[in-house]
Amino acid sequence: MTEMLNHSPHVYRKFSSVLDRLVYEPLPDDWLIGMTDVVGSTSAIQEGRYEDVNFLGVSIIASIGNALGSFDFPFSFGGDGATFALPSERRLQAEAALKQTAEFSKRRFALEMRAGLIPLEEIRRNGRDVRIARYAVSEDTTYFMFSGGGLRWAEGELKKGRYGVGDGAASLLDPDLTGLSCEWDPFESQRGTILSLLVEPRDSLSDRAFSSIARDIMQVLDDVDRSANPVPATLPKRKAGFDSVDPSAWAAVASNSDFRKFDDVLRLTVDCTFEQVDKVETLLRKSVQRGEVRYGLHCQSHAIMTCLVPGASANSNLHFLDGLDGGYARAAAMLRMSA
């Protein structure tokens with residue numbers, strides 16, 4: 001899908017590189033930002049429906065990618081929803097996928113889903129932007145990172161009931177979710193706890209200052225092997241009814257997860273010690289006192305993984321992580337309380 005951009009963004013192979021918001025490139029003016037959000041996700045998670053919420057969160061990415069025949073477009077998973085970007089000539093496909101996915105959420109899971117499509121030029125008219133950078137988590141898989149404040153603004157507008165796609169005949173069809181599954185048992189923490197962390201810069205904070213804060217956080221969390229990736233290095237148990245994979249193939253799965261990313265918010269699902277959590281929270285409290293950031297965090301015993309395996313390449317599989325207790329949703333609730 002990057003052929004639709006003016007040029008393919010540079011691929012960064014160190015996560016520290018994409019913490020520098022100066023490396024991000026603007027999307028073309030005529031692009032669209034799509035977004036979904038499961039309404040009442042925190043209540044659903046409290047009822048034990050964390051897998052349903054995560055499955056629905058990833059579903060719009062699966063639906064769009066299958067409709068286009070490619071998953072090489074900018075997107076980001078946020079736990080109870082997702083965001084994507086497409087050129088304006090893909091509007092009809094984007095609207096159909098959004099309507100189908102929202103109706104699917106209601107009909108199959110009895111969960112309401114907000115679904116919206118916002119022109120990038122509208123975001124820019126309101127003083128925000130959407131810029132992208134590309135981060136390679138492995139030799140086979142890359143994820144897009146986002147900056148510019150546009151996604152945060154768009155999320156707020158969607159929650160106010162603006163830019164929704166509404167209902168339509170297309171919503172009567174199920175979205176094409178080929179390749180989407182939740183087939184692994186939760187991954188138990190090996191170091192003490194699974195930390196779900198969201199860190200959001202305040203509007204007045206400079207790009208360079210936030211990059212410095214983010215790097216300080218990662219320095220605390222990356223002082224152990226495998227950079228706190230919660231996906232186990234050895235083959236874990238698969239749920240009943242699913243065939244296991246060859247242990248040699250598990251390495252590709254373990255290396256392709258989105259356990260750390262930036263989409264206007266530093267978003268982490270990491271396996272760490274409680275001492276590391278305390279150090280990170282100390283850094284963040286000081287930053288809050290200086291008026292630099294808002295944050296939310298939640299600790300739980302396990303991480304869960306929702307998988308998306310495009311048919312064209314089994315190696316370029318995509319694995320979306322969250323905490324077992326709905327970590328991102330609970331961290332987001334804490335973040336909103338501090339706003």
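The radius of gyration used here is taken over C-alpha atoms, and the globule rule is 2.2 Å times the number of residues to the power 0.38. With 339 residues, a compact globule would have a radius of gyration near 20 Å, and the chain agrees with this at 19 Å.

The structure is a predicted model, in which local features need pLDDT of at least 70, side-chain atom pairs count only at pLDDT 80 or more, and totals for chains, interfaces and linings use all residues. Residues are numbered from 1 along each chain as its sequence is written, and side-chain values use heavy atoms, with hydrogens and water left out.

**Stop 1: the whole chain**

Select everything and show it as a cartoon. The chain has nine helices and 16 strands. Helices (H or I, at least four residues) and strands (E, at least two) are DSSP runs, numbered from the N terminus. Along the principal axes, the C-alpha atoms fill a box of roughly 55 × 50 × 40 Å.

Now switch to a surface. About 14100 Å² of the chain is exposed, and carbon and sulfur atoms supply 47% of that area; accessible areas come from the Shrake-Rupley method with a 1.4 Å probe, and for residues only the protein chains shown count as cover. Of the 339 residues, 56% are buried. Buried means under 20% relative accessible area, exposed means over 50%, and partly exposed is in between (1.4 Å probe, protein chains only).

Contact means heavy atoms within 4.5 Å. Among the contacts in the chain with a separation of 6 or more, 77% are between residues 24 or more positions apart.

**Stop 2: helix 4 and its salt bridges**

Side chains of opposite charge can pair when their charged atoms come close. A salt bridge is a side-chain nitrogen of Lys or Arg within 4 Å of a carboxyl oxygen of Asp or Glu. The whole structure holds 26 salt bridges.

Select R124 and D29, and show their side chains. They meet in a salt bridge, with N to O at 2.5 Å. R124 is in helix 4 (residues 120-125), while D29 is in the loop between strand 2 (25-26) and strand 3 (31-38), so the pair links distant parts of the chain, 95 residues apart. R124 is partly exposed at 22% relative accessibility, whereas D29 is exposed at 51%. Add D129 and R131 to the selection: D29, R124, D129 and R131 are linked in a network of salt bridges.

Stay in helix 4 and select E122 and R125. Their closest N and O atoms are 2.3 Å apart in a salt bridge. The two are three residues apart in helix 4, so about one helical turn separates them. Which of these two counts as buried? E122 does, at 19% relative accessibility; R125 is exposed, at 57%.

Next select E121, also found in helix 4. E121 is partly exposed at 44% relative accessibility. Measure from its C-alpha to that of D30: the two residues are 91 residues apart in sequence and 6.8 Å apart in space.

**Stop 3: helix 5**

Select D37 and K159. Their side chains form a salt bridge of 3.0 Å, N to O. D37 lies in strand 3 and K159 in helix 5 (residues 150-159), so this pair ties together parts that are 122 residues apart in sequence. D37 is buried, with a relative accessible area of 7%, and K159 is partly exposed, with 36%.

Select the rest of helix 5. How many of its ten residues are buried? Seven are, which leaves the helix mostly covered; among them are W153, E157 and L158.

**Stop 4: positive phi values**

Most residues other than glycine have a negative phi. Just after helix 5, G161 has a positive phi of about 90 degrees. Move on to Y163, in the loop between helix 5 and strand 9 (180-181). Y163 is not a glycine, yet its phi is positive, near 65 degrees. Then select D264, in the loop between strand 12 (260-262) and strand 13 (266-272). D264 also has a positive phi, about 75 degrees, without being a glycine. Y163 is partly exposed at 26% relative accessibility, while D264 is buried at 2%.

**Stop 5: F210**

Finish at F210 in helix 6 (residues 207-221). F210 is buried, at 1% relative accessibility. Beyond its neighbours within four places in sequence, F210 is in contact with residues including R21, V199, F262 and V293. F210 and R21 are 189 residues apart in sequence, and their C-alpha atoms are 8.6 Å apart in space.
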